Amino acid sequence: MTATGTYTPRPGAAPLSRMIGTQAALETKMLLRNGEQLLLTVVIPTLLLVLFSTVDIVDTGAGEAVDFLAPGILALAVMSTAFTGQAIATGFERRYGVLKRLASSPLPRWGLMTAKTLSVLVTEILQVLLLTVIAFALGWDPHGSPVAVVLLLVLGTAAFSGLGLLMAGTLKAEATLAAANLVFLLLLVGGGVIVPLEKFPAGAQDVLGLLPVSALSDGLRDVLQHGAGTPWGDLVILAVWAVVGLAAAGRFFRWE
């Protein structure tokens, strides 16, 4: 306020933390209001968990089926949000020029990517809470260290986010839509989510075990089903995918 009692405007951008938080909240609301995204991130994992836990379709080995399936479905939930959902949404935002307009706003590009990552994390927290409640209702009896679980989920999110952004930033929106859904289906079947990797030929097991969803589901299963310690091998695989995916996305992502 000046000496004469009038107010002097202070034009300028809002604090960076507020801009990122606001954008993250907007991204989360848009995701939760999108029926197709909800089908992918909530409905499909829930139905798979309930169906395969209550109906003897796949031989999951000794013990309760839900003890094998719950960790795999958690891995699937991470993939559906951080990879498939993010790739499709970002691909169409790029096609319609939304990313280009946002890139010209006071929010820096890395801030936009940070907001998208925060939105993914919030969505995953809601997914994990919902699936955990359902799994407990089905008789799930988890074991192991929560710290190891969090490490696996965070690295899995980073790995899938990098791959999803790489796809969205290099392919056309329609190609991203088709490719992301195809990869989702292929990894659902061959990533150790529902069908144990031991059911595949020995040569294929070695290759499939290097996939990010296989490392995430196997790591979660070792901890939550078998009560094992920190699965360093799976963490290393996820870390490599995260570094490669995020680096490639940062290098090749096209905003227009």
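# A helical chain from core to surface

Q86 is buried, because its relative accessible area is only 6%, and the cut-off for buried is under 20%. The model shown here is predicted. Q86 sits in helix 3, which covers residues 65–95. What does Q86 touch, apart from residues up to four places away in sequence? The answer is T81, K116, V120, S161 and L165. Two of these names, K116 and L165, will come up again below.

## The overall build

Now step back to the whole chain. How many helices and strands does the protein chain have? There are 10 helices and zero strands. Read from the N terminus, the order of elements is α-α-α-α-α-α-α-α-α-α. Along the principal axes, the C-alpha atoms fill a box of roughly 80 × 35 × 35 Å.

The protein chain has 256 residues, and 45% of them are buried. Its accessible surface is about 12,800 Å². Carbon and sulfur atoms account for 69% of that surface. Contacts reach across the sequence too. Take those between residues at least 6 apart: 79% of them join residues at least 24 apart.

## What the record says

An unreviewed UniProt entry marks residues 32–256 as "domain: ABC transmembrane type-2". In the model, this stretch is 76% helix and 0% strand. Its end C-alpha atoms lie 26 Å apart.

The unreviewed entry also carries the annotation "transmembrane region". It covers residues 38–58, 70–92, 118–140, 146–168, 175–197 and 235–253. How do two of these spans look in the model? Residues 118–140 are 87% helix and 0% strand, with end C-alpha atoms 29 Å apart. Residues 235–253 are 95% helix and 0% strand, and here the end C-alpha atoms are 26 Å apart.

## Nonpolar cores

The largest nonpolar core holds 47 residues. L49, L76, M79, F160, L216 and L220 have the most contacts inside it. Which elements give two or more residues to this core? They are helix 2 (35–54), helix 3, helix 5, helix 6 (146–170), helix 7 (173–190), helix 9 (212–224) and helix 10 (232–252). Helix 3 supplies the largest share, 16 residues.

A second core is separate and has 12 residues. M19, A24, L165 and A249 are among them. L165 is also one of the residues that Q86 touches.

Back in the largest core, look at L220. Leave aside its neighbours within four places in sequence. L220 is then in contact with P71, L74, A75, V149, L152, L153 and Q225.

## Charged pairs

Side chains of opposite charge can pair when their charged atoms come close. This structure holds five salt bridges. Three of them are described here.

E27 pairs with K116, and their closest N and O atoms are 3.3 Å apart. E27 belongs to helix 1 (residues 16–33) and K116 to helix 5, so this bridge ties together parts 89 residues apart in sequence.

E93 also forms a salt bridge with K116, with closest N and O atoms 2.7 Å apart. This pair links distant parts of the chain: E93 lies in helix 3 and K116 in helix 5, 23 residues apart. Shared partners join E27, E93 and K116 into one network.

The third bridge joins D59 and K199, at 3.2 Å between the closest N and O atoms. D59 is in the loop between helix 2 and helix 3, while K199 is in the loop between helix 7 and helix 8 (202–208). The two are 140 residues apart.

Are the residues of the network buried or exposed? The table sets their values beside that of D59.

| Residue | Relative accessible area | Class |
|---|---|---|
| E27 | 10% | buried |
| K116 | 4% | buried |
| E93 | 11% | buried |
| D59 | 46% | partly exposed |

E27 is buried, and so are K116 and E93. D59 is partly exposed.

## A nonpolar patch on the surface

Nonpolar residues also appear on the outside. L32, V122, I125, L126 and L129 make a nonpolar surface patch of about 440 Å². Which element gives the largest share of the patch? Helix 5 (residues 109–137) does, with four residues. L126 is placed in helix 5. L126 counts as partly exposed because its relative accessibility is 43%. Helix 5 therefore holds both partly exposed L126 and buried K116.

Conventions
Residues numbered from 1 in each chain as written. Predicted model: local features only at pLDDT ≥ 70, side-chain atom pairs only at ≥ 80, totals over all residues. Heavy atoms only, no water. Patch = residues over 30% accessible without salt bridge, like charges linked within 9 Å, V, L, I, M, F, W, Y side chains within 5 Å. Areas by Shrake-Rupley, 256 points an atom, 1.4 Å probe, with all protein chains shown as cover. Salt bridge = Lys/Arg side-chain N within 4 Å of Asp/Glu carboxyl O. Buried < 20%, exposed > 50% of the residue type's maximum accessible area, 1.4 Å probe, protein only. Contact = heavy atoms within 4.5 Å. UniProt positions renumbered as here; feature names shortened; annotations may be inferred. Core = buried A, V, L, I, M, F, W, Y, C linked by side-chain atoms within 4.5 Å.
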